[in-house]
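Please walk me through this model in my viewer, telling me at each stop what to select and what I should find there.

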Amino acid sequence: MSDEEHHFESKADAGASKTYPQQAGTIRKNGYIVIKNRPCKVVEVSTSKTGKHGHAKCHFVGIDIFTAKKLEDIVPSSHNCDVPHVNRTDYQLIDISEDGFVSLLTESGDTKDDLRLPSDENLLKQIKDGFAEGKDLVVSVMSAMGEEQICALKDIGPK
């Protein structure tokens with residue numbers, strides 16, 4: 001073997017897949033599934049038994065976790081479906097810029113400045129009002145398939 005050392009540029013996600021396969025028959029309500037290349041939360045699953053030569057089919061109704069659109073898919077229950085890796089991370093809100101981006105404090109003490117304010121009107125109003133009142137706010141950020149969005153808000157008291 002050689003004595004030279006190899007140095008690799010490390011990527012943030014280490015080249016990991018954005019999804020993993022799971023048999024359609026094992027996906028349940030409140031789980032996650034990829035429908036039409038969108039990460040969705042499963043709100044309804046029904047399984048139909050077909051004739052003597054066909055597969056049993058699973059009918060999934062899911063709601064896109066970022067756009068809240070309703071999507072449907074029918075998959076043979078023995079086939080694999082893509083399931084997105086979904087992560088929730090809490091960050092402390094530091095600042096809101098005029099152009100709609102937020103500045104967040106990570107666990108390691110760095111700032112994260114690449115997230116927009118959420119499009120949900122209620123959540124947007126809660127964040128802006130709480131920030132204007134000088135409250136310490138913690139936002140939950142949901143990430144899946146290369147997308148991130150603020151999905152929840154917690155008030156941890158005044159500054």
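Begin by selecting D64, which in this predicted model is buried, with a relative accessible area of 3%. Show its side chain together with that of R38, and a salt bridge appears between the two, at 2.6 Å from N to O. The pair links distant parts of the chain, since D64 belongs to strand β4 and R38 to strand β3 (residues 38–48), 26 residues apart.

Keep R38 selected, a residue that is partly exposed at a relative accessible area of 22%, and add E147, whose salt bridge with R38 has its closest N and O atoms 2.6 Å apart. Because R38 lies in strand β3 and E147 in strand β11 (residues 147–158), this pair ties together parts that are 109 residues apart in sequence. E147 counts as partly exposed, at 28% relative accessibility, and with R38 and D64 it is linked in a network of salt bridges.

Staying with β11, select K154 and then D90, which form another salt bridge, the closest N and O atoms being 2.9 Å apart. K154 lies in strand β11 and D90 in strand β7, so parts that are 64 residues apart in sequence are tied together here. Both residues count as partly exposed, K154 at 42% relative accessibility and D90 at 32%. The count of salt bridges comes to 8.

Next, display strands β2 to β5 as a cartoon: these 4 strands form an open sheet in the order β2-β3-β4-β5, with antiparallel pairing. β2 (32–35) and β5 (70–76) stand at the edges with a single partner strand each, so one side of each is left without a neighbour in the sheet. Neighbouring strands are turned by 45 degrees against each other on average, direction ignored. Zoom in on β4 (residues 57–64) and β5, which pair over 7 bridges; V61 has E72 in β5 as its bridge partner.

Now turn to the interior and select L93, V102, L104, I127, V139, V141 and I150, the residues with the most contacts inside the largest nonpolar core, which has 14 residues. The elements giving two or more residues to this core are β7 (86–96), β8 (101–105), α1 (121–132) and β10 (135–144). What does I127 touch, leaving aside residues up to four places away in sequence? Its contacts are L93, I96, L117, P118, L137, V139, I150 and L153. A second, separate core of 12 residues includes I33, I35, L71 and V75.

Finally, zoom out to the whole protein chain, which has 1 helix and 11 strands, and in which 31% of the 159 residues count as buried.

Notes: Residues are numbered from 1 along each chain as its sequence is written. This is a predicted model: local features need pLDDT of at least 70, side-chain atom pairs count only at pLDDT 80 or more; totals for chains, interfaces and linings use all residues. Side-chain values use heavy atoms; hydrogens and water are left out. A nonpolar core is a set of buried Ala, Val, Leu, Ile, Met, Phe, Trp, Tyr and Cys residues joined through side-chain atoms within 4.5 Å. Buried means under 20% relative accessible area, exposed over 50%, partly exposed in between (1.4 Å probe, protein chains only). Contact means heavy atoms within 4.5 Å. Two strands pair if DSSP finds at least two bridges between them. Axes are lines fitted to C-alpha atoms, for helices over the stretch in contact, and angles run from 0 to 180 degrees between N-to-C directions. A salt bridge is a side-chain nitrogen of Lys or Arg within 4 Å of a carboxyl oxygen of Asp or Glu.
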